[in-house]
Amino acid sequence: MSAGGTRVISLAEARAARAAAELAERPAAGPATRPATWPATPAAAGRVVHPPPDPALEGLAVFERGWLSSNNVLIHDPAGAVLVDSGHCLHGDQTVALVRQALERSGQTLSAVLNTHLHSDHCGGNAALARAFGEVPVFVPASTWEAVQAWDDARLSYAPTGQRMERFRAAGTLQAGERLRLGGRDWEVIAAPGHDPDSVVLFDHSHGVLISADALWENGFGVVFPELDGIEAFDDVGRVLDRLEALPATWVIPGHGAPFQDLPGALARARRRLAGLQSDPARHRLYAAKVLLKHHLLEEQRQSVARLHLWAGQTPLLRRIWVDLDCPRASVHAWCDELLDELVRRGAARREGDLAINV
Ligand SMILES: [Zn+2]
């Protein structure tokens, strides 16, 4: 359904596009962390915090989440609200509660979910939303369509990273260059490869709002995953930063952290970080290894070091980083201990006897 190059996402269209897909076994439920909220006022879990009164943000609700889940943006629309990104599967109930609460306030229904990319912290709540709200169509970046339909968990990164995920069905795709009419705004879908080769970001030309996913945070950007697989992608990151610089953005809603307005400042910090990583790829690999370990601890909350070793040994991407770093320490297990010690030193984990505990 389109008019003048602008597509209106609708359930009917989604149903027509849907291919058959079977739901996979669901992972065991785990502990959920409390979401942070925006503005920075601490709020109880489940409370919806609306943006500050600014006409540019009217009709948008941002759920700023803890680190295991990405932020979610609810675009209110009388024809049916649309949620951008859905957090991690372990926080599915929390995502449902946040959306339900926001919809109750507006009296609207949920009509679609869009995923900027398919990392586990951005689309893990899709299945929970489908259970809670019925056949809500999910739209994914076009280049991921086949992998989602086939549920190729190697291509989708869950197997290589050793991350939990709950299978979902996609109903349609997001094509770079197209415009979506959502919430009375025209959102351009912009390709944003680098952190993830398939990622897109969304820019609302009518109000200058950029949903930047993990392509740009207030302080940096996400791990450049293709580089860990030996695929050059730092240049992609740079090109995307150039593309974002050309946008007349007044607000940036990142995938993690609070929304912000200083786009030039964020771009300058991101470029400095990129230059540092390009000049020292080993530092990027080491950083990525710590991110993978921290993500695992966020999922498990507490785990025996023996089981942590098991996970490290069975996680292909972690093993690859170890090899690419010339196999530091005597084994992956010993290296994993060193990474854990580093997280402990930085206050991101602690050890209690034989247990590794997320902090
Ligand atoms: Zn990501």
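Modeller: Before we start, two strands count as a pair if DSSP finds at least two bridges between them. Keep in mind that this is a predicted model.

Colleague: Thanks! In the open sheet of six strands, what is the strand order?

Modeller: Pairing in this open sheet is mixed. Its edge strands, β3 (60-63) and β8 (172-174), each pair on one side only. Neighbouring strands are turned by 25° against each other on average, direction ignored. Reading across the six strands gives β3-β4-β5-β6-β7-β8.

Colleague: Which residue in β4 is the bridge partner of Phe 63?

Modeller: β3 and strand β4 (residues 72-75) run antiparallel and are joined by four bridges. Within β4, the partner of Phe 63 is Asn 72.

Colleague: Lovely. What angle does the direction of helix α2 make with that of β4?

Modeller: Helix α2 (residues 92-106) packs on this sheet and touches β3, β4, β5 (81-84) and β6 (110-114). With the direction of β4, its own makes about 25°.

Colleague: Now the open sheet of three strands: what is its order?

Modeller: Here the pairing is antiparallel. β14 (302-304) and β15 (349-352) are the edge strands, each pairing on one side only. That puts β16 in the middle, in the order β14-β16-β15.

Colleague: And which residue of β16 is the bridge partner of Ser 304?

Modeller: β14 pairs with strand β16 (residues 355-358) in the antiparallel sense, over three bridges. In β16, Ser 304 has as its bridge partner Leu 355.

Colleague: Last one: at what angle to β16 does helix α10 run?

Modeller: Helix α10 (residues 281-300) lies across β14, β15 and β16. Relative to β16, helix α10 runs at about 90°.

Technical notes. Residues numbered from 1 in each chain as written. Predicted model: local features only at pLDDT ≥ 70, side-chain atom pairs only at ≥ 80, totals over all residues. Helix = DSSP H or I, 4+ residues; strand = E, 2+ residues; numbered from the N terminus. Contact = placed C-beta atoms within 7 Å. Axes fitted to C-alpha atoms, helices over the stretch in contact; angles between N-to-C directions.
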